[in-house]
Every structure is written in structure tokens, then in C-alpha cells.
Amino acid sequence: MSETRRTAIVTGAARGIGAAVAKRLSQDGFAVAVLDLKESACKPVVEEIEAAGGKALAVGVDVADEQAADQAVARVAEELGAPTVLVNNAGITRDNLLFKMIADDWDAVMNVHLRGSFLMSRATQRYMTEARWGRIVNLSSVSALGTRGQANYSAAKAGLQGFTKTLAIELGKFGVTVNAIAPGFVETDMTADTAARVGVPFEDFKVAAAAQIPVGRVGQPEDIAATVSFLARDDASFVSGQVIYVAGGPRD
């Protein structure tokens, strides 16, 4: 970390993986903008960061809204400092089998995951290129490899991998690295919702998942946050355009 405190933006940071990432980056010395759909939902994370001696800002934004995304990034730059780390974590699920999936649910998932990551990356890249230093980390998923009942989510997460590789090519000459993290089963509200959707108690759902994972346990948000922490460091400057599966075992 340089002597000047750098600023990071984490989307979808009110809970789960995003909250863990925001807190970890604060521990690493970043000022952190905690973004989610409702600003009030971000405040507990901001308060926790501030109580630990960090600097943070809560910002409510729909990342799929072009004007709102631009305004949110401009606010972060004004109140915290030019953002040179972006973690595109915001995501939703609208699961269903293909023949039951409605177009609105397809569009909603694409808009948050892909359009949102595009808009946030476009809005922040100018600060990174001006600084000649930057880090973009996109949250993909093992679902990019295909998951029954998640045609929209799987397609969006696979799309983020192509997006990642392209941005790495375009922005590398400016000192900006772009990578994707593809988590496996991580214990969050979202996986709890999936368990509820399929009618399985969450504890049983986790036990079944852990039995299929070589390390013998499900992931925690902090596992993903640790990987983001590495990618955001100065000494990770030669890692770019990669998809890192943080899944407790090998993935193709």
C-alpha cells in the first residue's frame, strides 16, 4: 500500500461476500465505499469499519442504472478519493428451469451482473488510468460452468469471465489488472435462499455440499475476501485476465 490511502468500491456490499470484502479491504488500508441498492442497508457495514478505525462511505445505487452508477462513482471520488479498486460483486438470482423462466427474470439477472459490472467498470476506469494503477475484480461463479435451473445466472457469470479477459487486455498498459473470482458453495443468504427454493433445510444443504468438496467444508465469505485482498495488492501486478476458482477443489 502506498503512503496515500487508496479508495476501493465494493458493490453488493451490505451483506455476505460483499460485506466481507469491504471489511477486509479496510483492514488492508483502503478507504472503502460500501455500495448496495439501499444506502441504509450499507450503514451497519460502514459503522463496523469505522469502529475498527477504518474509513468508509455508504452509497445506495442501482448498478444497472447508467446515471445512478455514474453519480455514485462521482460521489465516492468526491467524498473518499479517486477509486482505484473496484469489486463488482452485486448480484441477484431469479432461478427457474428454462421452460418456466420469464424474460423479465432473464433480463433482471443480466442487468445486475453484466450491465452493472460494465457501467461500474466504465465509470471507475478513468480514475485508474489517470493514476496508472488500478484493480478490477469481478465476481463470477462455478455456475458459469452450468447449473440446472440457472440459465440466466450461469450465462451472466460466464459472460463476466469474457468481460474480465477483455478488460485485462484493454487496461493492462495503464497499470490496471482485471481478474475474476469464481466462488464455489459459499455460506450466504443467497445460498440459504437456494436451499429454501428446493425445499431442503439449510444445514442439510450445507452438509450435502461439503460432501462433494475436496477440502470437506463449504466456503465462507472471508475465503473470497482473502482472494480479493491478494488481487488488490501491489505485488499482484503480474496477475491479470485470470479466473480464479475459489471452490475448495479443482474446476475446469
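Which backbone oxygen does the side chain of Thr191 reach, and at what distance? The backbone oxygen of Thr188 is the one, at 2.9 Å. Keep in mind that this is a predicted model. The protein chain has eight helices and seven strands, and here's a quick tour, from the overall fold down to single residues.

**Overall shape**

- The chain runs to 252 residues, and its radius of gyration is 17 Å; that agrees with a compact globule, because a chain with this many residues would then come out near 18 Å.
- Lay the C-alpha trace along its principal axes and you get a span of about 50 × 35 × 35 Å.
- Burial takes in 48% of the 252 residues.
- About 11,700 Å² of the protein chain is exposed, with carbon and sulfur atoms supplying 51% of that area.
- Take the contacts with a separation of 6 or more: 70% of them come from residues 24 or more positions apart.

**Helix α8 and its surroundings**

- Helix α8 covers residues 221-231, and its buried residues are Pro221, Ile224, Ala225, Thr227, Val228, Ser229 and Leu231.
- Some background for reading that list: an α-helix has 3.6 residues a turn, so residues three or four places apart point the same way.
- What do the buried residues of α8 pack against? One helix partner is α1 (16-27), and the strands are β4 (83-88), β5 (134-139), β6 (176-183) and β7 (243-246).

**Strand β4: Leu86 and Asn88**

- Leu86 sits in strand β4 and counts as buried because its relative accessible area is 0%.
- Leu86 and Asn138 are 52 residues apart along the chain, yet their C-alpha atoms are separated by 8.3 Å.
- Setting aside neighbours within four places in sequence, Leu86 is in contact with Ile9, Thr11, Met120, Ser121, Thr124, Met128, Arg135, Ile136 and Val137.
- Asn88 belongs to β4 too; its relative accessible area is 3%, so it counts as buried.
- The side chain of Asn88 has a polar contact with the side chain of Ser121, at 3.1 Å.
- Beyond residues up to four places away, Asn88 touches Thr11, Gly116, Ser117, Met120, Ser121, Ile136, Val137, Asn138 and Leu139.

**Helix α1: Gly18**

- Gly18 lies in helix α1, and a relative accessible area of 0% is why this glycine counts as buried.
- Apart from neighbours within four places in sequence, Gly18 is in contact with Val10, Gly12, Ala13 and Asn89.
- How far apart in space are Gly18 and Val218? They are 17 Å apart, C-alpha to C-alpha, with their positions 200 residues apart in sequence.

**Helix α4 and the loop after it**

- Asn111 is part of helix α4, and at 34% relative accessible area it is partly exposed.
- With neighbours within four places left out, Asn111 is in contact with Ala64 and Gly116.
- Asn111 and Thr4 are 35 Å apart in space, C-alpha to C-alpha, and 107 residues apart in sequence.
- Arg132 is found in the loop between α4 (103-131) and β5.
- One for your backbone checks: Arg132 has a positive phi of about 60°, although it is not a glycine.

**Helix α6: back to Thr191**

- Thr191 is in helix α6, residues 189-198.
- Is Thr191 buried or exposed? It is buried, because its relative accessible area is 16% and the cut-off for buried is under 20%.
- Leaving out residues up to four places away, Thr191 touches Phe185, Val186, Phe202 and Phe205.

**Rings and charges**

- Phe202, one of the residues that Thr191 touches, also has a charge over its ring: Lys206 lies over the face, at 5.0 Å from the ring centre.
- Tyr127 has an arginine over its face, namely Arg126, at 4.3 Å from the ring centre.
- As for ring-to-ring pairing, the count comes to one aromatic pair.
- In general, such a pair is described by the distance of the centres and the angle of the planes.

Notes:
Residues are numbered from 1 along each chain as its sequence is written. This is a predicted model: local features need pLDDT of at least 70, side-chain atom pairs count only at pLDDT 80 or more; totals for chains, interfaces and linings use all residues. Side-chain values use heavy atoms; hydrogens and water are left out. Rings of Phe, Tyr and Trp (its six-membered ring) pair if their centres lie within 6.5 Å; planes under 30 degrees apart count as stacked, over 60 as edge-to-face and the rest as tilted. A charge sits over a ring if NZ of Lys or CZ of Arg is within 6 Å of the ring centre and within 35 degrees of the ring normal. Helices (H or I, at least four residues) and strands (E, at least two) are DSSP runs, numbered from the N terminus. The radius of gyration is taken over C-alpha atoms; the globule rule is 2.2 Å times the number of residues to the power 0.38. Buried means under 20% relative accessible area, exposed over 50%, partly exposed in between (1.4 Å probe, protein chains only). Contact means heavy atoms within 4.5 Å. Accessible areas come from the Shrake-Rupley method with a 1.4 Å probe; for residues, only the protein chains shown count as cover. A polar contact is a pair of N or O atoms within 3.5 Å; within protein, one must be able to donate a hydrogen and the other to accept it, and residues adjacent in sequence count only if both atoms are side-chain atoms.
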